[in-house]
Amino acid sequence: MNGIPAGQGAFFHDGDRFWIEDTARDGHSAVLDVDVYTPDGDHYREWQNWNSRGYDYDLIEPYNLPEGYTVFVRACVGNAADKSNFWGCGTWAKGYA
């Protein structure tokens, strides 16, 4: 991948939408790694949104979160055949539901 990001993603407060786009023709999927915490700082839930549509396709997934929860997301690359295997993640971005 030569240091070129293989995906980009974000969380949008309006509608609690999670976005992930595949930005590399590398045969791998783009993955949005998601981690959510309650207003008290307790761990709520974590999951990954997988986009295996291929290069230049994006995926938007709505997920209704309780207001005030803290959301962390980062884009990664992975192998969709084994959805527990992802790597090359970017930095965490923080948002609020």
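This is a short walk through the fold, the core, the aromatic pairs and the disulfide of one chain. A word of caution before the details: the model is predicted.

Start with the overall picture. The chain has zero helices and eight strands. Read from the N terminus, the elements go β-β-β-β-β-β-β-β. The C-alpha atoms fill a box of roughly 40 × 25 × 20 Å along the principal axes. What about the radius of gyration? The chain has 13 Å, and a compact globule of 97 residues would be near 13 Å, so the two agree.

How much of the chain is buried? Buried residues make up 37% of the 97. The exposed surface comes to about 5700 Å², and carbon and sulfur atoms supply 45% of that. Now sequence range. Take the contacts with a separation of 6 or more: residues 24 or more positions apart account for 54% of them.

On to the core. The largest nonpolar core has 15 residues. Those with the most contacts inside it are F11, F18, V34, V36, L65, V71 and V73. Which elements give two or more residues to this core? They are β2, residues 17-22, β3, residues 29-37, and β6, residues 70-78. Of the elements, β3 gives the most, with four residues.

Look at L65 for a moment. Leave out residues up to four places away in sequence. L65 then touches F11, D16, F18, V36, Y44, W47, V71 and A97. Several of these come back in a minute. F11, F18, V36 and V71 are also on the list of residues with the most contacts inside the core.

Next, the aromatics. In general, a pair of rings is described by the distance of the centres and the angle of the planes. The count here is six aromatic pairs. Take F18 and W47. Their ring centres are 5.4 Å apart and their planes stand at 75°; over 60 counts as edge-to-face, so this pair is edge-to-face. F18 sits in strand β2 and W47 in strand β4, residues 43-51. The two are 29 residues apart, so the pair links distant parts of the chain. Are these two residues buried or exposed? F18 has 1% relative accessibility and counts as buried. W47 has 10% and counts as buried too.

The second pair to look at is Y44 with Y69. This one is edge-to-face, with 4.9 Å centre to centre and 90° between the planes. Y44 lies in strand β4, while Y69 lies in the loop between β5, residues 58-62, and β6. The partners are 25 residues apart in sequence, so the pair ties together those two parts. Burial splits this pair. Y44 is partly exposed, at 36% relative accessible area. Y69 counts as buried, at 14%.

One more point on rings. Ring pairs link F11, F18, W47 and Y63 into a cluster. L65 touches three of the residues just named, F11, F18 and W47.

Stay with β6 now. T70 lies in this strand. T70 is buried, with a relative accessible area of 13%; the cut-off is 20%, so the label holds. What does T70 contact beyond its neighbours within four places in sequence? The list is D35, V36, Y37, K94, G95 and Y96.

Further along β6 comes the disulfide. How many disulfides does a search of the whole structure find? One. The disulfide joins C76 to C89, with S to S at 2.1 Å. The angle about the S-S bond is 110°, and the link is right-handed. C76 is in strand β6. C89 is in the loop between β7, residues 86-87, and β8, residues 93-96. They are 13 residues apart, and the pair links distant parts of the chain. The two ends sit in unlike surroundings. C76 counts as buried, at 2% relative accessibility. C89 counts as partly exposed, at 28%.

Last stop, the same loop. T91 is placed between β7 and β8 as well. At 71% relative accessibility, T91 counts as exposed. Leaving aside neighbours within four places in sequence, T91 is in contact with V73 and R74. T91 and W19 are 72 residues apart in sequence, and 15 Å apart in space, C-alpha to C-alpha.

Definitions and conventions
Residues numbered from 1 in each chain as written. Predicted model: local features only at pLDDT ≥ 70, side-chain atom pairs only at ≥ 80, totals over all residues. Heavy atoms only, no water. Core = buried A, V, L, I, M, F, W, Y, C linked by side-chain atoms within 4.5 Å. Buried < 20%, exposed > 50% of the residue type's maximum accessible area, 1.4 Å probe, protein only. Contact = heavy atoms within 4.5 Å. Phe/Tyr/Trp six-rings, centres within 6.5 Å; stacked < 30°, edge-to-face > 60°. Rg over C-alpha atoms; globule rule 2.2 N^0.38 Å. Areas by Shrake-Rupley, 256 points an atom, 1.4 Å probe, with all protein chains shown as cover. Disulfide = S-S within 2.5 Å.
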